[in-house]
Amino acid sequence: MNNMEEKEVISLSKDLNEPKWLLHERLRSLKVYSVLSKDIGKALDAETFGTPDTNVSLAGARRDSLHDFLEDPRRKDIAKSFFINRFYRPEKSIESAFINAFFTECNFFAPEKESATMTLTRKHGIAIDFFIILARANLGLNSDSGGASISEYYLSDNASLFQSSTITGKHSLLLEARILQNDAQAKLNHAFFSTAKKTNNTLLNGENSKYAESLLFVTHSHDRLDVSSTILHASKSTDSTLTAKGVVKDNAVATVNSLARISHESQGSKSRLSTHAMILTPGAKATVNPDFEILNNDVIASHSASVGEINEEQLFYLMSRGFSRDKANQLIIEGFLDSALPEGEKALRGKLDAAISALYKSSSLK
Amino acid sequence: MFFNLTYRYKPGIMMSQRNLDQHSFRSSKGLDEEIIRRISSIKKEPEWMLEFRLNAFKIFNAKKLQSWGPDLSKINLNDLHYYVRPTEKKEADWSKVPEHIKNTFDKIGIPEAERKFLAGSTAQYESEAVYSNLKKEWESLGVIFKDMDSALREHPEIVKKYLGTLVPSTDNKFAALNSAVWSGGSFVYVPKGVEVQIPLQTYFRINTQNMGQFERTLIIAEEGSSVHYVEGCSAVIYSAASLHAAVVEVFAHKNSRIRYTTIQNWSNNVYNLVTKRAIANENAVVEWIDGNIGSKVSMKYPTVILKGEGARADVISIAYAGKGQIQDTGARAIHLAPNTKSKIISKSISKNGGQSSYRGSVKISKGAVNATSSVRCDALILDKESRSDTYPKIEVDEDKVSLAHEATVGKIGEEQIFYLMSRGLPENEAISMIVLGFVESFTKELPMEYAVELNRLIQLETKEAVG
């Protein structure tokens with residue numbers, strides 16, 4: 001273990017006035033991180049992520065920091081047990097170990113009413129956020145993310161979560177977990193516009209729980225996108241859908257991995273994975289892996305994937321109607337990405353259109 | 001060939017100990033440099049081949065087992081015989097084939113008369129071909145179809161030019177093992193412009209307990225030629241795990257066409273780890289038709305490297321995973337040149353706790369302008385104990401391409417069974433009929449006698465234990 005890093009973690013913990021067990025957790029994470037970074041041969045630098053610039057607006061929901069909870073004698077044990085039993089423990093991955101060692105902010109968010117909405121903006125910093133949605137509660141979440149963070153969403157029976165999220169921070173490292181109990185429902189619409197690495201883990205733990213993810217990406221210049229989504233069906237009659245669509249331009253490289261695993265216990269489950277990428281210029285690259293692991297036969301599962309260029313016939317048609325080549329390309333891309341956006345998703349649509357027109361301002365296609 | 005399939009598939013075709021001991025040379029268990037030198041000297045191989053083997057053996061020792069896919073740690077590599085030779089002298093004529101070997105063929109159901117129907121077959125009994133017969137007109141055209149050992153003796157310059165160039169010993173641990181201890185396999189050379197009309201066929205068998213079979217196959221089609229090569233495998237059932245680690249290298253030169261058909265039906269104790277790779281030059285067509293029915297664990301991903309402009313690859317495969325079986329199969333297409341096309345169709349059936357996986361990969365490299373690829377893999381899971389996985393990987397490095405992948409996994413529709421049963425079919429026959437329909441895109445590509453055989457096999461497998 002690097003001595004500098006150890007001192008850094010100790011002083012960070014001291015500054016935040018953390019209890020001993022939390023410092024111990026951090027040092028343990030740092031140890032795992034050092035071992036993994038040696039094995040993998042790559043290291044992350046806490047400084048690149050900067051200090052947290054979290055901005056939250058809440059309607060019908062509350063925010064507490066781990067610090068607040070730990071000072072409250074009635075709740076400190078609950079907070080501790082929650083933290084200790086989190087999904088992203090350091091052993092999960094090198095990124096998880098890194099965030100667990102160096103996080104400077106830890107929040108608990110929870111709806112206080114049956115229906116709550118919140119907006120979360122964070123471009124920098126290293127943070128851990130927990131979202132606790134109790135039975136029958138409903139949370140609508142708009143976020144614009146960057147920096148490095150772990151976000152965990154716990155949905156009790158009949159709870160629902162609707163998320164609309166853009167990832168615009170320069171370098172983002174995001175780890176998300178969703179754990180759904182009976183009849184819970186989570187929808188995630190997220191769009192990527194720059195270099196980012198995101199890992200989604202969804203656990204359909206309760207019967208009739210349902211997960212739908214729409215993933216969009218518009219990447220160009222030297223963007224590197226690495227997204228993976230793992231959906232584990234662990235109970236009966238669970239349902240998952242993943243639709244990923246995106247474009248790569250210039251020297252951008254995008255990798256989208258998805259895996260749905262339907263366990264032996266989850267009879268009557270359904271899963272659909274589809275991943276489609278468009279390569280706009282020579283030099284860009286896309287890799288997609290829609291994987292399935294299916295361990296029982298009462299299942300409906302299908303997946304599709306495609307990678308291709310802009311259809312010449314469509315382009316010709318639009319240009320024959322008087323559109324310039326750039327405008328025609330833009331319209332085709334809009335149509336392509338639009339089909340992956342669910343009805344009623346307004347927040348992302350505007351940002352997506354802006355990102356597509358920005359593609360053509362930077363340089364012409366051909 | 002008109003042999004009885006049920007025989008091939010039933011356990012218990014045991015040979016007497018006397019029969020087993022008639023091998024004229026069998027290496028002791030395990031592997032060291034001495035055994036490799038011994039194999040090479042018994043075969044009277046040239047010096048470069050011994051070096052090739054020894055070099056591969058070093059690589060084999062250095063390589064780790066692959067970290068993905070099925071667990072191979074149960075293979076005890078020290079408990080295998082690496083070389084077994086059935087008779088000292090190779091038999092060219094059926095009447096001179098030793099009686100105990102004929103017995104085995106009879107039990108498996110290949111009649112003596114088969115020769116009349118299928119001239120040109122090389123049957124591999126254990127590690128070496130015991131008889132080979134090549135049609136005279138092909139010989140006059142310059143087609144070479146022999147076992148690899150003879151080819152090395154008689155055409156060393158061709159073997160040296162191609163061997164190990166497509167699947168180097170460094171490719172994977174089992175390719176290295178094969179390179180070190182290979183024995184037997186087929187060698188096919190088709191000269192420029194020659195079209196071979198009748199498929200060339202071979203049988204492979206394992207007959208000695210704990211004996212690994214490491215055949216090495218090389219197929220070369222010169223410019224404008226075409227050939228269809230067919231192999232079928234079967235094995236007698238024994239209790240100890242056996243290993244089959246083959247390497248197949250296929251070279252399709254400009255405008256040539258090669259079709260390689262395999263029906264693999266190893267007994268359920270065999271680890272079947274095969275590296276199959278083809279290279280297709282300008283406008284060449286390579287087709288892998290691959291059926292995996294037997295074995296304990298199969299790992300096989302036929303690959304085509306589309307190197308020349310306009311080259312085409314077709315891979316059609318089926319996998320059947322029954323009780324205790326893992327079929328980890330798939331296909332790979334690597335597009336390196338413009339206007340190349342690949343098409344992959346994969347069908348798998350899992351039953352009685354069997355596990356089948358499609359593990360495929362399509363890579364389109366920079367410069368492979370207008371490459372197109374389509375992948376379709378469908379899986380049928382017949383009961384709730386069984387498992388089916390799909391791991392397609394698509395990597396694209398070029399913008400002017402079109403690539404599509406589709407897959408479905410599911411069980412047989414209740415309404416399909418209901419429909420057939422309402423027409424008077426019992427449930428098990430209805431299921432078997434649906435499964436046959438499911439694999440039809442594969443069977444229709446097979447030579448007629450293989451299609452008949454495969455259909456019977458599937459009927460047999462799906463009818464029992466259902467209903």
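Modeller: Before we look at anything, one term: a residue counts as buried when its relative accessible area is under 20%. Keep in mind that this is a predicted model.

Colleague: Fine. In helix H6 (residues 94-102) of chain A, how many residues are buried?

Modeller: Nine of its nine residues are, so by that cut-off the helix is mostly covered. Among them are Ile94(A), Glu95(A), Asn100(A) and Phe102(A).

Colleague: Phe102(A) has a ring. How do I read a pair of aromatic rings?

Modeller: You describe such a pair by two things, the distance of the centres and the angle of the planes. Over all chains here, the count comes to 21 aromatic pairs. Take Tyr33(A) and Phe102(A): their ring centres are 6.4 Å apart and the planes stand at 90°, so this pair is edge-to-face.

Colleague: And which parts of chain A does that pair tie together?

Modeller: Tyr33(A) sits in helix H2 (residues 20-40) and Phe102(A) in helix H6, so the pair links parts 69 residues apart in sequence. Both Tyr33(A) and Phe102(A) are buried.

Colleague: Give me another pair to practise on. What is the geometry of Phe82(A) and Phe130(A)?

Modeller: That one is edge-to-face, with 5.5 Å centre to centre and 80° between the planes. Phe82(A) belongs to helix H5 (residues 76-84) and Phe130(A) to strand S5 (residues 126-133), both of chain A, so here a helix and a strand 48 residues apart in sequence are tied together.

Colleague: Is Phe82(A) buried or partly exposed?

Modeller: Partly exposed, because its relative accessible area is 23% and buried means under 20%. Phe130(A), at 0% relative accessibility, counts as buried.

Colleague: Which aromatic cluster do those two rings belong to?

Modeller: One that is formed by Trp21(A), Phe69(A), Phe82(A), Phe83(A), Phe103(A), Phe108(A), Phe130(A) and Tyr154(A).

Colleague: What about charges over rings? Where does Lys92(A) lie?

Modeller: Over the face of Phe87(A), 4.1 Å from the ring centre. Chain B has a case too: the charged end of Lys173(B) sits over the ring of Phe60(B), at 4.3 Å from its centre.

Colleague: Since you mention chain B, what does it look like overall?

Modeller: Chain B has 14 helices and 24 strands, and 64% of its 467 residues count as buried. Of its contacts between residues at least 6 apart in sequence, 85% join residues at least 24 apart. Its accessible surface comes to about 17,400 Å², with 51% belonging to carbon and sulfur atoms.

Conventions. Residues are numbered from 1 along each chain as its sequence is written. Chains are lettered from A and ligands numbered from 1 in the order in which they are written. This is a predicted model: local features need pLDDT of at least 70, side-chain atom pairs count only at pLDDT 80 or more; totals for chains, interfaces and linings use all residues. Side-chain values use heavy atoms; hydrogens and water are left out. Helices (H or I, at least four residues) and strands (E, at least two) are DSSP runs, numbered from the N terminus. Buried means under 20% relative accessible area, exposed over 50%, partly exposed in between (1.4 Å probe, protein chains only). Contact means heavy atoms within 4.5 Å. Accessible areas come from the Shrake-Rupley method with a 1.4 Å probe; for residues, only the protein chains shown count as cover. Rings of Phe, Tyr and Trp (its six-membered ring) pair if their centres lie within 6.5 Å; planes under 30 degrees apart count as stacked, over 60 as edge-to-face and the rest as tilted. A charge sits over a ring if NZ of Lys or CZ of Arg is within 6 Å of the ring centre and within 35 degrees of the ring normal.
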